[in-house]
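Me: I am new to this structure and would like a close look at a single part, the surroundings of the two ligands. Please take me through that part slowly and then place it within the whole.

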Amino acid sequence: MTGDDEAAAPASGPLLDPAAFARVPGQVDTGDHGAHARGIFDVELLDRCISCGFCLPVCPTYALDKDEQSSPRGRITLMRALESGRLEPDDPVLQHEASYCLGCRACETVCPAGVEYGPMLEQWRDHQWRAGHGPRLARWLRWAVERRAMLRLSGLVRRFARTRGPVSDASPHVMLGCAERALFPSVSRAAVSLVPGADAPAEQGCCGALHAHNGDSAGGRAMAERLGQDLPGTIVTTSGGCAAHVAEHLGRDRVAEISDYLTRTGWAPAGRLMTTGADGKPRPVRVSLQDSCHLRNGLGVSGQPRELLERIAEYVEAPSAASCCGAAGSYSMLRPRDSKRVLAPKLDEIEQLGVDYVVAVNPGCLLQLKQGLLARRSRVKAVHLVELLIRAA
Ligand code: SF4
Ligand code: SF4
């Protein structure tokens, strides 16, 4: 699939001189949006950036191109230019950068000024991709995940983990997701088995994260609130991206990503996973983790999946585990070439680790890693965390 927005990217070279819009490094922006502010952004958020550049080394798109406008600081400069009217929304650089950004929020984790890049990117895309202006594929994906009957049918075909009976707020509810119930139904089946007393009500829709990240944050909020009504009480999810989105709208106390839930409730395996080594002798299974960006950078959950993996296998940390794999929600479909550019060095690294499995905590990352490793005919397999935990339970 070719992303129409990717195809429309500027051919080469900067079309915008960032220096023309830059703040003095170290100087707090007092906001020259003033009377000319267009009201696209929360200006208080926009003004927090002090242009220090600490975020550049952690940005995956800046790492690819070493181009200021494809860095967090450069994109915030573009947002300010859009807000103040110095750039029009159809400016090709604005269009390119609004979709080229992965939305991984790695920039937030190192920012000394407390810039909340995630909400600003949502506001940017709400405007940049407003009715009829965004990538066609993003619009189609939003339309598709709103169709509850279609989600239910796709899940039924794949024997998704659904339970019957009344939905009580006393039980934890496993969230089935939109893509996961069709692509990886074994993941939610394993989650239901791992969480004592859990149910998985069939009548639940998509959480709306895809909307929020693709130009319709109001729709994303409404879908999260409806999910909260479908699943009263605690919601347990196997998707790091969905966990961050739902927690933002329903509150952190309503939502638990599964590794967080299992470590808090004291899950213990029956034993460790073993395999046969090259010498024919038994050895522990060797695993490595690929973080979910929104789980790590949005919710601050990163130690929990590692802790669980160390209980069942020999854990090997990959140097770039915390950096985006290029899946980034719908990014791998909207910008397939850039998604593969981000993924390639990570796969090289994973193959050099000598592990049996690379473990994902998000269905998008799982699909991305599976496809990448399959294309290389790699001996390393990609699995979801719960698929390994259930084997050790
Ligand atoms: S680290 Fe924060 S304040 Fe510094 S340039 Fe990046 S976003 Fe702006
Ligand atoms: S969200 Fe990720 S890709 Fe986008 S600017 Fe921040 S670090 Fe770079």
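Reply: What follows goes from the two ligand shells to the domain that is in view there, and then to the protein as a whole.

This is a predicted model, in which local features need pLDDT of at least 70 and side-chain atom pairs count only at pLDDT 80 or more, while totals for chains, interfaces and linings use all residues. Residues are numbered from 1 along each chain as its sequence is written, and chains are lettered from A and ligands numbered from 1 in the order in which they are written.

Around ligand 1 there are 14 residues, of which Cys49, Cys52, Cys55, Cys111 and Ala113 come nearest; a residue is near a molecule if its C-beta atom, placed from the backbone, lies within 6 Å of it. Helix H4 (residues 72–84) gives this shell its largest share, three residues, where helices (H or I, at least four residues) and strands (E, at least two) are DSSP runs numbered from the N terminus. By type, the shell of ligand 1 holds eleven nonpolar residues, two polar and one charged, with Ala, Val, Leu, Ile, Met, Phe, Trp, Tyr, Cys and Pro counted as nonpolar, Asp, Glu, Lys and Arg as charged, and the others, Gly among them, as polar.

Ligand 2 also has 14 residues around it, and here Cys59, Pro72, Cys101, Cys104 and Cys107 come nearest. At least two residues of this shell are supplied by each of H3, H4 and H6, and the shell divides into ten nonpolar, two polar and two charged residues.

Two loop residues deserve a separate word. Ser51, in the loop between helix H2 (43–46) and H3, has a positive phi of about 60° although it is not a glycine. Ser51 counts as partly exposed because it has 19 C-beta neighbours inside 10 Å; a residue is buried if 20 or more other C-beta atoms, placed from the backbone, lie within 10 Å of its own, exposed if 12 or fewer, and partly exposed in between. Arg105, in the loop between H5 and H6, likewise is not a glycine and has a positive phi, of about 65°, but Arg105 is buried, with 21 other C-beta atoms within 10 Å.

Turning to the domains, the assignment gives domain 1 (4–134), domain 2 (137–264) and domain 3 (274–392), with bounds that come from an automatic or database domain assignment. The contact between domain 1 and domain 3 takes 14 residues from domain 1 and 15 from domain 3, two residues being in contact if their C-beta atoms, placed from the backbone, lie within 7 Å. On the side of domain 1 that touches domain 3, two or more residues come from each of helix H1 (4–7), helix H3 (60–65), helix H5 (92–100) and helix H6 (106–110). H6 gives the largest share of that side, three residues, and the side divides into six nonpolar, four polar and four charged residues.

As for the whole, the protein has 21 helices and nine strands, and buried residues make up 48% of its 393 residues. Its C-alpha trace spans about 65 × 50 × 35 Å along the principal axes. Of the contacts with a separation of 6 or more, 75% join residues 24 or more positions apart.
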